[in-house]
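Please open the model in a viewer and keep a selection panel at hand. The tour below proceeds by selection, with a description of what is found at each stop.

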Amino acid sequence: VVNLVKYAVEVMKVKKPGIIHGSTDYCIVARDVAIREFKKCGIDVVAAEQIKEDEKDATGQLLKIKRAGADALIGLTHEPEAAVSVRQAKQLGLNVPIIGFSAWGVPAFTDLAGDAAIGVISVQGFTPEYKDPKVQEFVKKYQARWGQLPSDPAQAYYDGVYILAHVINQVGFDREAIRKGLETLKDFNGVQGKLTCDSKHNFTNFSLISRFKGDRWEIIDAIF
């Protein structure tokens with residue numbers, strides 16, 4: 001979400017963001033982070049509206065965002081609600097750039113949204129279109145095993161298992177030793193690049209910025 005706001009402000013030049021967010025803790029925290037990060041940039045969110053899980057109508061929320069004069073729609077929902085939001089935004093004439101977090105960049109979203117997803121920008125930790133050799137090796141293995149392309153966050157689970165195995169191989173099965181090993185991990189070569197544990201226990205801040213073209217995601221930028 002931090003990188004989403006960074007891209008929205010620095011590249012898209014968003015000045016009056018409107019947020020549509022889900023009702024799970026995951027989405028509410030994402031909303032709070034987005035509001036905080038926009039505030040750091042001197043920008044107030046003009047509207048932050050919630051769509052509940054499995055809700056099929058977001059017209060009320062989207063109309064509030066439109067009437068507030070939003071110059072971009074920030075999507076922080078799970079996939080089904082993302083599809084509802086983009087379809088109805090088009091129907092309501094909310095003709096502003098749409099940028100969402102990772103759930104707005106996976107097949108579970110685009111399959112449901114159809115043509116309404118075209119042009120949506122997603123900030124993703126992973127996309128199979130990325131040409132990095134490590135990513136393409138992972139994509140090939142995933143397709144061979146599951147018969148479909150991987151999507152975010154498959155790469156995180158994959159890297160996580162290998163990170164844990166790496167630490168256990170070094171320190172054994174003592175819980176405290178594993179914790180310390182994870183906290184001090186540096187430059188582990190994973191699908192997501194060189195992974196290092198930071199003070200918040202994040203191992204990467206890398207994000208790909210992609211735009212949906214109707215049949216594929218086109219990578220338009222990256223944030224490291």
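Select Lys 6 first: with a relative accessible area of 36%, Lys 6 is partly exposed. Add Glu 10, which is also partly exposed, at 47% relative accessibility. The model is a predicted one, and in it the side chains of Lys 6 and Glu 10 form a salt bridge with an N to O distance of 3.3 Å. Both residues belong to helix H1 (residues 2-10), where they stand 4 residues apart, about one turn of the helix. In an α-helix there are 3.6 residues a turn, so residues three or four places apart point the same way.

Now extend the selection to the rest of H1. Its buried residues are Asn 3, Leu 4, Val 5, Tyr 7, Ala 8 and Val 9. To see what these buried residues pack against, display helix H2 (25-40) together with strands S3 (72-76), S4 (98-100), S5 (121-124), S8 and S9 (217-223).

**Further salt bridges**

How many salt bridges does the model contain? The count comes to 10. Select Lys 39 and Asp 44 next, whose side chains meet at 2.7 Å, N to O. Lys 39 counts as exposed, at 52% relative accessibility, whereas Asp 44 is partly exposed, at 48%. Then select Arg 36, Glu 37 and Lys 40, which are joined in a network of salt bridges.

Move on to Glu 176 and Arg 179, a pair with an N to O distance of 2.2 Å in its salt bridge. The two residues are 3 apart in helix H8, so about one helical turn separates them. Glu 176 has a relative accessible area of 36% and is partly exposed; for Arg 179 the value is 36%, and this residue is likewise partly exposed.

**Helix H4 and strand S3**

Select residues 79-91, which make up helix H4. This helix has 13 residues and spans 19 Å from its first C-alpha to its last, close to the 18 Å expected at 1.5 Å a residue. Colour its buried residues: Glu 81, Ala 82, Ala 83, Val 84, Ser 85, Val 86, Gln 88 and Ala 89. Their packing partners are strand S1 (17-21), helix H3 (59-67), S3, S4 and helix H5 (107-113). After H4 comes Gly 93, with a positive phi near 75 degrees.

From here, select Ala 72, located in strand S3. Is Ala 72 buried or exposed? It is buried, with a relative accessibility of 0%. Leaving aside residues up to four places away in sequence, Ala 72 touches Val 14, Lys 16, Pro 17, Gly 18, Val 96 and Pro 97. For the passage to the next stop, draw a distance from the C-alpha of Ala 72 to that of Tyr 142: the two residues are 70 apart along the chain, and the separation is 35 Å.

**Helices H6 and H7**

Tyr 142 leads to the packing of H6 with H7, so begin here from the general description: two packed helices are described by the angle between their axes and the distance between the axes. For H6 and H7 the angle is about 100 degrees and the axes are 12 Å apart. An angle from 65 to 115 degrees counts as roughly perpendicular, and H6 is therefore roughly perpendicular to H7. Show the contact residues as sticks: Phe 138, Lys 141 and Tyr 142 from H6, with Ala 154, Gln 155 and Tyr 158 from H7. This set consists of 4 nonpolar residues, 1 polar and 1 charged.

In the loop between helix H6 (133-146) and helix H7 (154-171), select Pro 153. The peptide bond from Asp 152 to Pro 153 is cis, with omega near 15 degrees.

**Two loop residues with positive phi**

Which loop holds Asp 187? The loop runs between helix H8 (175-183) and strand S6 (188-190). Asp 187 has a positive phi, near 55 degrees, although the residue is not glycine. At 41% relative accessibility, Asp 187 is partly exposed.

The final selection is His 201, in the loop between strand S7 (193-195) and strand S8 (207-212). Its phi is near 65 degrees, again a positive value in a residue other than glycine. His 201 is partly exposed, with a relative accessible area of 48%.

Terms used
Residues numbered from 1 in each chain as written. Predicted model: local features only at pLDDT ≥ 70, side-chain atom pairs only at ≥ 80, totals over all residues. Heavy atoms only, no water. Buried < 20%, exposed > 50% of the residue type's maximum accessible area, 1.4 Å probe, protein only. Axes fitted to C-alpha atoms, helices over the stretch in contact; angles between N-to-C directions. Parallel < 35°, antiparallel > 145°, perpendicular 65-115°, else oblique. Contact = heavy atoms within 4.5 Å. Nonpolar A, V, L, I, M, F, W, Y, C, P; charged D, E, K, R; others polar. Salt bridge = Lys/Arg side-chain N within 4 Å of Asp/Glu carboxyl O. Expected span 1.5 Å × (residues − 1).
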